[in-house]
Every structure is written in C-alpha cells, then in structure tokens.
Amino acid sequence: MSHGSHSVEDIKNQSARLRGTLLESLANPVTGALNEDDQTLIKYHGSYQQDDRDIREERRLAKLEPAHAFMIRTRTPGGVVTPAQWLKLDAVATTYAERGLRITTRQAFQFHGVIKTELKATMQAINAALIDTLAACGDVNRNVAVAANPLQSQAHALVHEQAAALSEFLLPNTRAYYEIWLDEERVAGSGSEDEPVYGATYLPRKFKIGFAIPPYNDVDVFAQDLGFIAILDADGELLGYNVSVGGGMGATHGDPETYPRLGDVIGFITPDQLTQTAVAVVTAQRDFGNRVLRKRARLKYTIDDHGLDWFKGEVERRAGFALSDARPFDFVHNGDRFGWVEGDDGRAHLTLRIVAGRIWDRDGLMHLTGLREIARLFDEGGIDAQFRMTPNQNLVIAGVPAAQRERIDALVAQYGLDTHVSATPLVKNALACVALPTCGLAMAEAERYLPEFTDKVQGLLDTHGLREAQIHLRISGCPNGCSRPYLGEIALVGKAPGRYNLMLGADHRGQRLNTLYRENVVETQILEALDPLFARYAGERSQAEGFGDFLVRAGIVAPPRSTIELHLQAVTENAA
C-alpha cells in the first residue's frame, strides 16, 4: 500500500519519528484534509482521516471536496475508566463528535466526525481525562485487550495491572504526540528519539495483544497476534500465562495469500517473565515481518513463512529463557454474561448490552444520558466503581457496592439500558464493525444493518423453536474483520453494497474458525440458506450442542484445520 510515490515504510522512515508535516497539515485552512503522507502518520497518534460516504457523490457533483472528518480512538488498556473519566469523555463526544461514544471490539472508545479545526482541542480534552490516544492505531502495539470477566476480582485486578504496564512499556518513545497535540516544547534529540523496541520504521504492520482469564474467552485470545491465557490455581491465584502467537482476522477477498488465522500456544511463562516475552515476540516480528507486501506483514504470515518451531526458538533466544510446557486450560464460551454478577470481593458487576457498541441519544434511546447520570452518581458520591468496556462491545458497571444496586437498577430502567433483560441470546451476542458511512474500507453495511438483520434471523429461529439458542452472529463490512467475523458461528463479510459472504461453523469458544458457505449473496439468499439449517439443528442437535459444533458434526461445513484444537488435545494428553 503506497501513498502517492511513497511507501508506508518510506513515510515512517522519513517522518522524524512520526512528526512528518502534521503541524503544517493541521494549520492549512484551504482543505479539511491532511497531506497524503500525514494521513498515514496520524494513525500512530490515534486518529484516522475519513469522510462521509453517504454524501461523497453529492459533494463530488457539486465540485466540493469530500466531507472530511476524523475518527479518534483511545488507548484504554482493558477498557477500564473511572466515573470521572467517563464524564469527561462524554463531554468530548457531545462537544466535538457525532454519533456519541462507541465501544470497539478492542475495549477502546471511538469518536466519529471530528473536523480538522477541532482535532487538537479534542485530543487535549481526551488527555485532560488522563487518557491518551497514542499508538491506538498504526504499525505498533495497539490497545491491549483484557478479559472483562468480573468473577475473579483479585486475579482480574492483577492481570489488568500487568496488561496496563505492558501497554505502557510498549508505547513508542517519540515525543511527537506531546509536541503536536499537547504543545510540549521540542528539546534536543527531538525527531531522532531512540526506539529500542520499534526501531526507525516501527513494526511491519499493526500488532494486537490480548489477555484471557479462563473459563471465559471474551477477548477471543486466539485472534490476537500475541495472547496471554491466565492460569490460576485452585484458590484463584495467578500462576502465570500460556502464550499464544500468530492470531489475526484480516484477509483480502479472492487472495489466497491472505487468510484469518488462529494463534498457536507455544508454552507457559511466570508473571515476572511477561515483559521479556512480549518484547521478544514484538522484536522478532519487527525484524522478520514482511516489509515489502503490507497484506503479508502481520505476525501470522511471519510464523507461517518461517515455521512455528523456528519462531518459538527465536522468541526464547531473545527473551533469554526457555518457555515451560503449556498448562491445561478450558474455555467455555467467548461471549459476555449479562445482568448482575456477584464478585468475590463483596461488590457486584452489571453487564449491559450495547448494540454494536454505539452509545447515543437518538431514535428514542437515551443511553448516553443514562450512563452520564450513573457516572455522576458515582463521581459525586465518591463511590469507587468503574466502567469496563468488553471486547464484545458491551459495558460492565463494575465494583458496585450493595447499597447502590437498587439506585443503579432504577437508572438503568429509567433510561432503557436494560435491553439485555428482554433480548434473545442471538441479539445479545451479535457483533458488528462500524463500516458505512465513515470507514474507508467498508464494502457493505454492518453496524447500521445489524438490528434489521438480527430481527430477520431471530424470526427464523423462533419458527423453529430456537428462540433461546446461544448463537454467535457477527457482521463485518469488509474482509479485514474488525468484528472478528471469522470466529462467528454465523458471519456476514461484506463484498459489495447489500452483498456478503456467508461464513458458518465456528465454535462458541473462539477456538475454531468458520468456513465459507455461500459466496456473494444477498439477504434473501442468506435467509434461505439458514432456514433449513436451523430446521436440522432444532431436530438433530444433541443436548447443549452449539450451532457451529452441530454444523461440523453433521458434515454441513468442513472444519478448517485448527492447530488450537490439536494443541489442546496434546496438552490434555500430556497432563494426563
């Protein structure tokens, strides 16, 4: 992927550590856009230049430039924010952005529709909430995802602390972010800062890290470049982590050289070996990842090109120690648990369903206002609770003292935030990426289409007596897969407006990819394909058998070769 005559590698190399001409671009009053190279560099600062595709053609005909605006993404490891931070982010959304707050599948917030002249003020307001956007996008380690699992409070707190520390450790050293957005003065060495982890050209491609706490795989740990699976003892104490490498969801239609891949478990480490292991994996990818072909630049391809054993050896060499044998673990599902859950620390956690992660006041919804009132209640009352975004685009109101539960329930009901009470499992578990109108990669609708499509699929399920079936549905507007569609039991991957690839047969634990069932089909064809499958599922499934598992067992879809399932079998046999 090149920009004009410059490749992304050139742009990074010549950027004076991610500065480029961003200051000049921002100051240019003639256009709402940035210089072409700066459109690449601003990603490292947590923002993408986009335009409103709904009105693109209309503006072109009127000889106007596209309606440029910026998406800004926060760096919030594990998606945890305080009530005070929530209120500040809410103010940013209502002052500068369109469409409220949005929770991403990486537990970050996205703000949409920020115009260039307000970009700096928006960045400063986010930083005033003690949250930054540095490295939220770009060829660096992105926001670190962490299980939002509220059950094991002490283990969760420790894992989150380690994940947040790792996120901090893997930030670029450049001061460009602070100079450009926060008016920090330039000092000697500015523009040539030492980057011991990233080097002069950063990573070949984006890099994602996730921490899972079994038995729940809500982060879809095998979809991450680098996964850490917490291993707890019988008392819930953290013993260490199994390490998985080489996951990634992105692909390109019609290009067999690109494909989604699940990570492989390569061993076990103790908590004190975490940073060294992560740096070893990141730097091995830095040095051996493909810098010629961007579509082949993710860690999954580096591993497939060089071999898993070679990569493990390289990681051990860089880390300075050998990984231990992986420990047995068991995932039961990769969704969220809704409603109230009692923590082991005497506090309770309430998980709310947020459709496609979009929090706003519109179409009769008052979700933004409702959550603002809850945040105010905590903030003004000095109550030590948290808001935790989940990797499935939902929201946990965490650490609620018993005395506050009734008041929270009343606010949740008053503002219609209790949709999880009446929603079916299909609706509660569905994911969608942003897609149109703002994402430049989208080929078809996703977020805007999700409610309509889930209604129609739900109608089919109801006719077959499957109203309460726990089926995971995901929609992605393109094959890059931000909604992790390749791990959906049913998934739509956009090909063109109104046309999708229908993918079927993943499991509900995040351990098996789905496979292509119908290519380039429209809604009526998708529903016609699903109807007889639901009929068979209703009549032939065994007790508690998931839809994806049934499709594979019945031979309706062939399972892709899953190194994870083979590996889990081997780990279990070794342990026995």
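This passage describes helix contacts, enclosed and open spaces, and unusual backbone geometry in a predicted model. Because the model is predicted, local features are restricted to pLDDT of at least 70 and side-chain atom pairs to pLDDT 80 or more, whereas totals for chains, interfaces and linings use all residues. Residues are numbered from 1 along each chain as its sequence is written, and side-chain values use heavy atoms, with hydrogens and water left out.

Helix α9 (residues 274-288) takes part in contacts with α11 and with α10, helices and strands being DSSP runs (H or I, at least four residues, and E, at least two, respectively) numbered from the N terminus. The axes of α9 and helix α11 (residues 308-319) come within 8 Å and cross at roughly 120 degrees, where axes are lines fitted to C-alpha atoms, for helices over the stretch in contact, and angles run from 0 to 180 degrees between N-to-C directions. This angle makes α9 oblique to α11, since angles under 35 degrees count as roughly parallel, over 145 as roughly antiparallel, 65 to 115 as roughly perpendicular and the rest as oblique. The α9 residues in contact (heavy atoms within 4.5 Å) include Ala280, Ala284 and Phe288, and those of α11 include Trp310, Phe311 and Val315. By class, the residues of this α9 contact with α11 comprise eight nonpolar, three polar and four charged; Ala, Val, Leu, Ile, Met, Phe, Trp, Tyr, Cys and Pro count as nonpolar, Asp, Glu, Lys and Arg as charged, and the others, Gly among them, as polar.

With helix α10 (residues 299-306), the axis of α9 comes within 10 Å and crosses at roughly 75 degrees, and the two helices are therefore roughly perpendicular. Val281, Gln285 and Phe288 of α9 meet Leu299, Thr302 and His306 of α10, a contact with three nonpolar, three polar and no charged residues.

The axes of α16 and helix α17 (residues 523-540) come within 10 Å and cross at roughly 30 degrees, so that α16 and α17 are roughly parallel. Among the residues in contact are Phe453, Val457 and Leu460 of α16 and Ile526, Leu530 and Phe534 of α17; the contact has eight nonpolar, no polar and four charged residues.

Helix α16 (residues 450-463) also gives the most to the lining of the second largest pocket, with six residues. This pocket holds about 630 Å³ of space and is lined by 22 residues, of which Val355, Trp360, Leu365, Glu447 and Pro451 lie nearest its centre. On a 1 Å grid over the protein atoms alone, a pocket is an open set of points with protein on both sides within 12 Å along at least five of seven lines, a cavity is a set where a 1.4 Å probe fits but cannot get out, and lining residues have an atom within 4 Å of a point. Grid points are joined across faces, edges and corners, and a volume is the space filled by probe spheres set on the points. The pocket lining divides into nine nonpolar, four polar and nine charged residues. Two cavities of 30 Å³ or more are counted, and the second largest cavity, of about 30 Å³, has Arg75, Asn141, Arg142 and Tyr198 among its lining residues.

Two cis peptide bonds may be described. One joins Pro214 and Pro215, with omega about 15 degrees, and Pro215 lies in the loop between β9 (209-212) and β10 (226-232). Another runs from Leu436 to Pro437, with omega near 10 degrees, Pro437 being placed in the loop between β18 (431-432) and α16.
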